[in-house]
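The following paragraphs lead the reader through a protein structure, from its overall form to the surroundings of single residues. The sequence and the structure are shown first.

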Amino acid sequence: MDSAEDSAVNDFLQILEEHRRNCERQGKYVEAEIAKNRLEELKVHEENRRKEAMRSRQLAERLGVEEAHMLEYQQFNADWDKKMGEYESHASDLVEAMRARHQNELTDFQQALLGKQQRPKFSRELLNLRKIQETLAKQKDYTEAHKIKLKCDALEAWELEKWKNAKQQEMFQREAKFKHQKQQELIALQKRIQTGREEQKKQRELDLERLLQRYRNVKNELEAQQNHERIRMEKAAQLGMA
């Protein structure tokens, strides 16, 4: 019931109260008793109506606060889920991009290693034997030259195989070191991503706590206001019944 209806009820109660007083002054006590009882009934009825209206309104206010909080909470989760999803997608792109870059760098590194291979440096012994071989050939001592050549060829093959093995081992070591450096770079990126992920999670928890605290503050403030309103109504009713 709105304020206009409240005013009409109050006006009617005032008229009935004036009627009771007139009956009392005129000695019409039976009519005064009837008016008094009717007044009390109407006051009780009006008090109950106002209490019920207040309870309905306060319930609607509390439900409004709960609904607003639920909508805010749902929006909060939607926003944070989107934000964290975008972060994970970006992090995945960074990791994949680094892995692709590392693979390209490894290919370039391997090609550079192959391009830098030097001719083997043979031993002094082999070089001396080759000179002897050439000298014998110039002296037309082909039999001895042939023997020396066989010895030189065997020694050269052995030294060449040893050199190839050493170069291959060196390449393996340099490649392993290169791969290790790139792996450490990838691990560092993944650690930064994890740190960012944990910071996001912590920030979400802090923001949620602030949201819940705002809700608790609003709820407590509303409960205090409603309690104060109920106390005022009870006091007013006691004064009206007096």
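The protein contains 4 helices and 0 strands. Along the sequence these elements follow the pattern α-α-α-α. The model is a predicted one, and every value given below is to be read with that in mind.

The overall form may be considered next. For a compact globule of 242 residues a radius of gyration near 18 Å would be expected, whereas the protein has 51 Å. Along the principal axes, the C-alpha atoms fill a box of roughly 170 × 25 × 15 Å. Of the 242 residues in the protein, 22% are buried. Among the contacts with a separation of 6 or more, 76% are between residues 24 or more positions apart.

Helix 3 offers a convenient place to begin a closer inspection. This helix comprises residues 124-138. Its 15 residues reach 21 Å from the first C-alpha to the last, which is close to the 21 Å expected at 1.5 Å a residue. Which residues of helix 3 are buried? They are L126, L129, R130, Q133 and L136. Seen down the axis of helix 3, the buried residues fall within an arc of 125 degrees, and they therefore line one face of the helix. A general property of helices is helpful here: an α-helix has 3.6 residues a turn, so residues three or four places apart point the same way. On the face of helix 3 turned away from the buried side are the exposed residues R124, K131 and K138. Just after helix 3, K140 adopts a positive phi of about 65 degrees.

The buried side of helix 3 leads to the nonpolar cores. The largest nonpolar core consists of 7 residues in all, namely L126, L129, L136, A145, I148, C152 and L155. Two elements, helix 3 and helix 4 (142-241), each give two or more residues to this core. Helix 4 gives the most, with 4 residues. L129 may serve as an example from this core: leaving aside neighbours within four places in sequence, L129 is in contact with I148, K151, C152 and L155. There is also a second, separate core of 6 residues, which includes A91, V95, L186 and I193.

The buried residues of helix 3 also include R130. Why does R130 count as buried? The relative accessible area of R130 is 19%, and a residue counts as buried because its value lies under 20%. The side chain of R130 takes part in two polar contacts described here: one of 2.9 Å with the side chain of Q133, and one of 2.7 Å with the side chain of E156. Q133 is itself among the buried residues of helix 3. Leaving aside neighbours within four places in sequence, R130 is in contact with K149, C152, D153 and E156. C152, which also appears in the list of contacts of L129, is one of the residues of the largest nonpolar core.

A last example comes from helix 4, where E161 has its place. Its relative accessibility is 45%, and E161 therefore counts as partly exposed. E161 and T143 are separated by 18 residues in sequence and by 27 Å in space, C-alpha to C-alpha.

How values were computed: Residues are numbered from 1 along each chain as its sequence is written. This is a predicted model: local features need pLDDT of at least 70, side-chain atom pairs count only at pLDDT 80 or more; totals for chains, interfaces and linings use all residues. Side-chain values use heavy atoms; hydrogens and water are left out. Buried means under 20% relative accessible area, exposed over 50%, partly exposed in between (1.4 Å probe, protein chains only). A polar contact is a pair of N or O atoms within 3.5 Å; within protein, one must be able to donate a hydrogen and the other to accept it, and residues adjacent in sequence count only if both atoms are side-chain atoms. Contact means heavy atoms within 4.5 Å. A nonpolar core is a set of buried Ala, Val, Leu, Ile, Met, Phe, Trp, Tyr and Cys residues joined through side-chain atoms within 4.5 Å. The expected span of a helix is 1.5 Å times one less than its number of residues. The arc is that of the directions from the helix axis to the C-beta atoms. The radius of gyration is taken over C-alpha atoms; the globule rule is 2.2 Å times the number of residues to the power 0.38.
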